[in-house]
Amino acid sequence: MGQILTCSPTNSSSEEETITELRNQLSSLREEVRNNRNWVINRSEVQMPVIGRSLGEGAWGRVVRGTFCCCDVAVKEMHNDIVSPHNIRLFEREINMASRCRHPCLLQFIGATADNAKPLLVTELMDRNLRSLYEEAELREEQVAVIFLDVARALNYLHQNTPEPIIHRDISSANVLLWKKESNGEQKFLIMERLRVFNRQRRSGGQTEQVDIFSFGVLLCQMCIGELPDPERQGQHELLG
């Protein structure tokens, strides 16, 4: 007859102690991550124009061209009317997440302020967004293919994040940023797409990566027809596609 293996009370107690110790270590690590704000930069190092053209504006704030360490950057400044302890905590949580994302197809986060004034978020400076490009001229097939592939790479990186996927929740042509490359006097917008990753969250509230996949499909349709898809004009869109 085979032997029946049992755990003695001593072994069981030892296992429980080990599990408790691991849980404590995990809790300490999570607290350390929350308190690790190595992304903080000094406000005095960020120069912004007193009056300047806004590069973009959203629910959280406006984006302007500025300088940091003598380099051109994009600076996002939170709106006055939404500055509150609660929103600043959300801001810091999202910045902690963004500061750990590293991928060639994601907008490069540089740093953010964390003093008593309005938060400033500093990123690399891109030249324009995808929406402004296709509104100016019809995209060529090779442009659509390159942009589509780069956005897919960025999303795959976010969705493969561990221990939980990062859901972007705002895949749109306004959030696909492009840079220009000069060649023989010509300016071309190509290849180096960047997907904004700020104001995003890990999986919660029943949302899954499918939210981004659906928006990804809408983005492809938008690039092919050169405008926002309209369900009431589906037949026309199919002909254009």
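1. Glu77 counts as buried, because its relative accessible area is 15% and the limit for that class is under 20%. Its side chain meets that of Arg62 in a salt bridge, with an N to O distance of 3.6 Å. The pair links distant parts of the chain: Glu77 stands in strand 4 and Arg62 in strand 3, 15 residues apart. Arg62 has a relative accessible area of 24%, and is therefore partly exposed. The bridge thus has a buried acidic partner and a partly exposed basic one. The model under discussion is predicted, and every value in this note should be read accordingly.

2. The overall make-up of the model may be stated briefly. The protein has 241 residues, of which 33% count as buried. Its secondary structure comes to 6 helices and 13 strands. Among contacts with a separation of 6 or more, 63% are made by residues 24 or more positions apart. The accessible surface comes to about 15,300 Å², and carbon and sulfur atoms account for 51% of that surface.

3. Which two residues of helix 4, 3 residues apart, are separated by about one helical turn? They are Arg153 and Asp150, and helix 4 itself covers residues 141–159. Their side chains meet in a salt bridge at 3.0 Å, N to O. Arg153 is partly exposed, since its relative accessible area is 43%. Asp150, at 7% relative accessibility, counts as buried. Elsewhere, Arg62, Glu77 and Lys118 are joined into one network by salt bridges that share partners. The pair of Glu77 and Arg62 described in the opening point therefore belongs to a network that also includes Lys118.

4. A further salt bridge joins Arg140 to Glu142, whose closest N and O atoms are 2.8 Å apart. Arg140 has a relative accessible area of 48%, so this residue is partly exposed. Glu142 is likewise classed as partly exposed, on account of a relative accessible area of 46%. In total the model has 7 salt bridges, including those of Arg140 with Glu142, Arg153 with Asp150 and Glu77 with Arg62.

5. Where in the chain is Trp39, and is it buried or exposed? Trp39 lies in the loop between helix 1 and strand 1, the latter being residues 46–47. Trp39 counts as buried, because its relative accessibility is 2%. When residues up to four places away in sequence are set aside, Trp39 touches Glu92, Ile95, Asn96, Ser99, Phe109, Gly111, Ala112, Thr113 and Ala114. One of these contacts can be described further: Trp39 and Ala114 are 75 residues apart in sequence, while their C-alpha atoms are 9.2 Å apart in space.

6. Ser173 is a second buried loop residue to note: its relative accessibility is 0%, so it falls in that class. The loop in question runs between strand 8 (166–167) and strand 9 (176–178). With residues up to four places away in sequence left out, the contacts of Ser173 are Asn129, Leu130, Arg131, Tyr134, Leu219 and Gln222.

7. The backbone at Cys69 and Cys70 deserves inspection. Cys69 lies in the loop between strand 3 (61–68) and strand 4 (71–78), and Cys70 is placed in the loop between strand 3 and strand 4 as well. Phi of Cys69 is near 55 degrees, a positive value in a residue other than glycine. Cys70, also not a glycine, has a positive phi of about 70 degrees. What is the exposure class of each? Cys69 is partly exposed, because its relative accessibility is 48%. Cys70 counts as exposed, because its relative accessibility is 81%. The strands on either side of this loop carry the pair from the first point, with Arg62 in strand 3 and Glu77 in strand 4.

8. The surface includes a patch of negative charge, in which Glu15, Glu16, Glu17 and Glu21 gather. Of these, Glu21 has its place in helix 1, which covers residues 9–35. Glu21 is partly exposed, as its relative accessibility of 46% indicates. The value exceeds the limit required of a patch member, which is over 30% relative accessible area, so Glu21 can take part in the patch.

Key:
Residues numbered from 1 in each chain as written. Predicted model: local features only at pLDDT ≥ 70, side-chain atom pairs only at ≥ 80, totals over all residues. Heavy atoms only, no water. Patch = residues over 30% accessible without salt bridge, like charges linked within 9 Å, V, L, I, M, F, W, Y side chains within 5 Å. Areas by Shrake-Rupley, 256 points an atom, 1.4 Å probe, with all protein chains shown as cover. Salt bridge = Lys/Arg side-chain N within 4 Å of Asp/Glu carboxyl O. Lys, Arg positive; Asp, Glu negative; His and termini not counted. Charge placed at Lys NZ, Arg CZ, Asp CG, Glu CD. Helix = DSSP H or I, 4+ residues; strand = E, 2+ residues; numbered from the N terminus. Buried < 20%, exposed > 50% of the residue type's maximum accessible area, 1.4 Å probe, protein only. Contact = heavy atoms within 4.5 Å.
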